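Visitor: Could you take me on a close look at the salt bridges here? I'd like to know where they sit and what surrounds them.

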Amino acid sequence: MYAKILGRIKNMGFRKKITGISLAISLIPVILLGIFSYGQMRRLMLERESLALRETLRQETDYLNYKLESYLSALNLI
């Protein structure tokens, strides 16, 4: 398999070899940037989702406390 690939590379012209090398070298920074961006976006999305869940939980506890206080005040009136 590797011998076949090496044979094809040896039979390529100089211009095609240079083009292939340039393309391969230029893809390395793009791939690294993509990996970095994916990691940063994943971290940001997890932080944002965690914050949203905490805020929702806080709102629900506030609502339950409000309801409980209203029930307690109704019981005190009775």
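Guide: Let's start with a bit of vocabulary: helices (H or I, at least four residues) and strands (E, at least two) are DSSP runs, numbered from the N terminus. By that count the chain has 2 helices and 0 strands. Its radius of gyration is 31 Å, well over the 12 Å that the globule rule gives for 78 residues, so the chain is more spread out than a compact globule. (That radius is taken over C-alpha atoms, and the globule rule is 2.2 Å times the number of residues to the power 0.38.) Along its principal axes, the C-alpha trace spans about 95 × 25 × 10 Å.

Before we zoom in, keep in mind that this is a predicted model, where local features need pLDDT of at least 70 and side-chain atom pairs count only at pLDDT 80 or more, while totals for chains, interfaces and linings use all residues. Residues are numbered from 1 along each chain as its sequence is written, and side-chain values use heavy atoms, with hydrogens and water left out.

Now for your salt bridges. The term stands for a side-chain nitrogen of Lys or Arg within 4 Å of a carboxyl oxygen of Asp or Glu. Searching the whole structure turns up 3 of them.

Let's take the pair of arginine 43 and glutamate 47: their closest N and O atoms are 2.9 Å apart. Why can they pair up along the helix? They are 4 residues apart in helix α2 (residues 14–77), so about one helical turn separates them. As for how open they are, buried means under 20% relative accessible area, exposed over 50%, and partly exposed in between (1.4 Å probe, protein chains only). Glutamate 47 has 44% relative accessibility, so it counts as partly exposed, and arginine 43, at 40%, counts as partly exposed too.

Further along, arginine 58 is the one to watch. With glutamate 55 it forms a salt bridge whose closest N and O atoms are 2.4 Å apart; both residues lie in helix α2, 3 residues apart, about one turn of the helix. Arginine 58 also meets aspartate 62 in a salt bridge, at 2.7 Å from N to O. Those two are 4 residues apart in helix α2, which again means a separation of about one helical turn. Put together, Glu55, Arg58 and Asp62 are linked in a network of salt bridges. Each member is partly exposed: arginine 58 at 41% relative accessibility, glutamate 55 at 34% and aspartate 62 at 39%.

Threonine 56 is found in helix α2 as well, and at 41% relative accessibility it counts as partly exposed. Its C-alpha atom is separated by 15 Å from that of leucine 46, 10 residues apart along the chain.

What about the rest of the chain? Buried residues make up 0% of its 78 residues. There are 12 positive and 6 negative side chains, and the centres of the two sets lie 35 Å apart. Here Lys and Arg count as positive and Asp and Glu as negative, with His and the chain ends not counted; the place of a charge is NZ of Lys, CZ of Arg, CG of Asp or CD of Glu.
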